[in-house]
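Subject: Structure for your files

Hello,

Here is the structure I said I would pass on. My notes on it follow below.

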Amino acid sequence: MTEAAELPPVPEQAREVFGDRYGDAVRYAELLAEAGVQRGLIGPREVPRLWERHLLNCAVLSEVVPEGVMVCDVGSGAGLPGIPLALVREDLKITLLEPLLRRTNFLTEVVELLGLDHVTVVRGRAEEVMGSLPPVHVVTARAVAPLDRLATWGIPLLRPYGEMLALKGDTAEEELKSAATALSKLGAVETSILHVGEGVVDPMSTVVRVEVGESPGGVRFAAKRAKAARTGRARRRR
């Protein structure tokens, strides 16, 4: 039996969530179950729960992403949550940021196959691309790292008054408490825990929202960002 054959029936909620992009969502699920497993991007045990645990769980993040903004999905991996978010929100400009070549190759193939013209794939680490990527309104992430470490990568990519949205599980409240000091130093001004996907996923998806003020990343990253911007301008003039 192939991994694709292990895919469960498509949940009825998927038609409502993905709308006109329903067919593309099905194709993406097939790609994850086939090439995604073969290339080691997801484990074979995840195939039977791809829809509820992965695609729908990520797609409902769209409920809390503002309209028409720029988004950077940090550590995108196999494209979660960036690809499902892109399928339901064509108003967004999304960058899938991923350091590993085999993953960026897969992401590029998916983006081209599904015709996601509003999505760009960038290979690199968050700390390496600061200054070369334009600051974004929203940073997203899922299963990348504990919140305090994730914040040091994601928050400096934000523009002033932007926000980081991290999909988390049962540890969300504990992680948020543990990361409070680190978040404050990084310029966070407000944090909250949101639950999205009512009537679509059970349990609902848990999102940690971290909103920043006028200096995303704090003073240290402001200086680093300014230096990177100056270097970028100098290179463009050559």
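**Cysteines**

The structure holds 0 disulfides. This is a predicted model, and what follows is computed from it. Two cysteines are worth a note. Cys58 has a relative accessible area of 0%, which is under 20%, so Cys58 counts as buried. Cys72 is also buried, because its relative accessibility is 2%.

**The chain as a whole**

The chain has 238 residues, and 50% of them are buried. Its secondary structure comes to 10 helices and 7 strands. Among contacts with a separation of 6 or more, 68% are between residues 24 or more positions apart. The exposed surface is about 11,800 Å², of which carbon and sulfur atoms supply 48%.

**Helix α2 and what surrounds it**

Helix α2 covers residues 22–38. It has 17 residues and reaches 24 Å from its first C-alpha to its last, close to the 24 Å expected at 1.5 Å a residue. There is a bend in α2 of about 35° at Leu32.

The buried residues of α2 include Tyr22, Ala25, Tyr28, Ala29, Leu31 and Leu32. Further along the helix, Ala33, Ala35, Gly36 and Val37 are buried as well. As general background, an α-helix has 3.6 residues a turn, so residues three or four places apart point the same way. Among the elements that cover the buried residues of α2 are α1, α3, α4 (82–88) and α5 (101–114). After α2 comes Gly40, with a positive phi near 75°.

Glu46 sits in the loop between α2 and α3 (50–59). Is Glu46 buried or exposed? Its relative accessibility is 17%, and the cut-off for buried is under 20%, so Glu46 counts as buried. Setting aside neighbours within four places in sequence, Glu46 is in contact with Arg53 and His54.

**The aromatic pair**

The structure holds 1 aromatic pair. It is formed by Phe18 and Trp51, which meet edge-to-face at 6.3 Å centre to centre, with 70° between the planes. The pair links distant parts of the chain: Phe18 is in helix α1 (residues 12–18) and Trp51 is in helix α3, 33 residues apart. Both Phe18 and Trp51 are buried.

**Strand β2**

Thr95 lies in strand β2 (residues 93–98). Thr95 is buried because its relative accessibility is 16%, with the cut-off at under 20%. Which residues does Thr95 touch, not counting those up to four places away in sequence? They are Val71, Cys72, Asp73, Thr120, Val122 and Leu133. Cys72, listed there, is the buried cysteine mentioned at the start.

**Helices α7 and α8**

Asp148 is in helix α7 (residues 147–154). Its relative accessible area is 36%, so Asp148 is partly exposed. Asp148 and Thr181 are 33 residues apart in sequence, and their C-alpha atoms are 8.8 Å apart in space. Asp148 touches Ala179 and Ala182, residues up to four places away in sequence not being counted.

Ala172 is in helix α8 (residues 172–178). With a relative accessible area of 3%, Ala172 is buried. From Ala172 to Val207 is 35 residues in sequence, but 7.8 Å in space, C-alpha to C-alpha. Leaving out neighbours within four places in sequence, the contacts of Ala172 are Ile193, Thr206 and Val208.

**Backbone points to check by eye**

The peptide bond from Leu80 to Pro81 is cis, with omega near 10°. Pro81 is in the loop between β1 (70–74) and α4. The bond from Asp202 to Pro203 is cis too, with omega near 5°. Pro203 is in the loop between β6 (188–196) and β7 (205–212).

Tyr161 has a positive phi of about 65° although it is not a glycine. Tyr161 is found in strand β5 (residues 158–168). At a relative accessible area of 60%, over the 50% cut-off, Tyr161 counts as exposed.

Regards

Technical notes
Residues are numbered from 1 along each chain as its sequence is written. This is a predicted model: local features need pLDDT of at least 70, side-chain atom pairs count only at pLDDT 80 or more; totals for chains, interfaces and linings use all residues. Side-chain values use heavy atoms; hydrogens and water are left out. Helices (H or I, at least four residues) and strands (E, at least two) are DSSP runs, numbered from the N terminus. Buried means under 20% relative accessible area, exposed over 50%, partly exposed in between (1.4 Å probe, protein chains only). Contact means heavy atoms within 4.5 Å. Rings of Phe, Tyr and Trp (its six-membered ring) pair if their centres lie within 6.5 Å; planes under 30 degrees apart count as stacked, over 60 as edge-to-face and the rest as tilted. Accessible areas come from the Shrake-Rupley method with a 1.4 Å probe; for residues, only the protein chains shown count as cover. The expected span of a helix is 1.5 Å times one less than its number of residues. The bend at a residue is the angle between axes fitted to the seven residues ending there and the seven starting there. A disulfide is a pair of cysteine sulfur atoms within 2.5 Å.
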